[in-house]
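Me: I have a chain on my screen and would love a close look at one part of it, the main nonpolar core and the loops around it. Could you walk me through that in one go?

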Amino acid sequence: MRQSSQSSRTSLLSTEPARTIARTVIGLVAALLLAFGLPALRSLPAADSASTTLYLYVASYGNDQVLRYDARTGAFVDVFVRRGSGGLHGPVGMAFGPDGNLYVASSLSDQVLRYDGRTGAFIDIFVNGSTAYPVPGNYSLTRPEDLAFGPDGNLYVAFSGYTCMLRDVNGNYNRKPCGPTGIQRYNGATGAFINTFVSAGSGGLVYSNSI
């Protein structure tokens with residue numbers, strides 16, 4: 001699992017003709033990166049009819065940006081989402097939605113933000129953690145870490161909750177989750193909260209930060 005303190009999460013935008021090849025190549029690269037303990041590539045393609053260029057999108061956690069690189073060479077292309085755009089703070093997991101736009105988990109603002117998939121311009125706050133769960137007994141969206149659109153078209157968000165420094169019996173301090181964690185499900189078209197899809201503790205779940 002990747003912690004939110006890691007500096008990057010990545011996402012891939014490809015054209016339809018190159019989609020199969022891109023998945024194979026990116027999958028092999030991802031395996032190598034994981035083997036060496038580096039952040040994995042997130043393969044979430046969307047069609048770009050204007051160009052056959054493959055881009056790699058990287059969430060730059062440390063300076064609140066989404067950067068774009070050439071997926072074939074690794075060369076820097078541009079800043080796709082500007083620093084702090086739309087309140088972006090601590091970006092981690094990303095996904096391209098069915099609408100072709102980019103959805104970013106803004107972990108330190110407890111939100112999912114939506115950006116134009118072609119220009120990177122801020123569109124709106126798709127899920128706001130402060131108002132995302134009006135149903136009693138369901139968890140708030142705290143520290144969203146990763147997200148994905150399911151086959152039902154809805155958005156699934158892994159959230160880790162808050163962490164605390166706790167002292168054990170030997171006097172050592174350890175970082176432990178002290179808030180709710182799990183997987184939340186939201187309407188993929190409106191961002192409205194549906195339910196807690198996976199609850200904390202289910203199957204031994206302690207710290208949910210990847211889907």
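Reply: Happy to! A word on terms to begin with: helices here are DSSP runs of H or I with at least four residues, strands are runs of E with at least two, and both are numbered from the N terminus. Counted that way, the chain has one helix and 14 strands. Please keep in mind that this is a predicted model.

Some background before we zoom in. The chain has 211 residues, and 46% of them count as buried. Among contacts with a separation of 6 or more, 51% join residues 24 or more positions apart.

Now to the core itself. The largest nonpolar core is made of 16 residues, and V112, V127, L141, L147, L155, V157 and Y186 have the most contacts inside it. Several strands supply at least two residues each: β5 (91–96), β6, β8, β9 and β10 (155–159). The largest share, three residues, comes from β10.

L141 is a good place to put your cursor. Leaving aside residues up to four places away in sequence, L141 touches D110, V112, V127, G129, V157, F159 and Y186. Of these partners, V112, V127, V157 and Y186 are also listed with L141 among the core residues with the most contacts.

Two other partners of L141, G129 and D110, sit in loops. G129 is found between β8 (122–128) and β9 (144–149). G129 counts as buried because its relative accessibility is 3%, and the cut-off for buried is under 20%. Its C-alpha atom is 8.2 Å from that of V112, although the two residues are 17 apart along the chain.

D110 belongs to the loop between β6 (102–106) and β7 (111–115). With a relative accessibility of 13%, D110 also falls on the buried side, so a loop position does not leave it exposed here. Its backbone deserves a look too: phi is near 55°, a positive value in a residue that is not glycine. For context, most residues other than glycine have a negative phi.

D64 makes a nice companion to D110. D64 has a positive phi of about 55° and is not a glycine either. It lies in the loop between β2 (55–60) and β3 (65–70), and at 13% relative accessibility D64 counts as buried.

Finally, if you turn the model around, look for a second, separate core of 13 residues, which includes Y55, V81, M94 and L102.

How values were computed. Residues are numbered from 1 along each chain as its sequence is written. This is a predicted model: local features need pLDDT of at least 70, side-chain atom pairs count only at pLDDT 80 or more; totals for chains, interfaces and linings use all residues. Side-chain values use heavy atoms; hydrogens and water are left out. Buried means under 20% relative accessible area, exposed over 50%, partly exposed in between (1.4 Å probe, protein chains only). Contact means heavy atoms within 4.5 Å. A nonpolar core is a set of buried Ala, Val, Leu, Ile, Met, Phe, Trp, Tyr and Cys residues joined through side-chain atoms within 4.5 Å.
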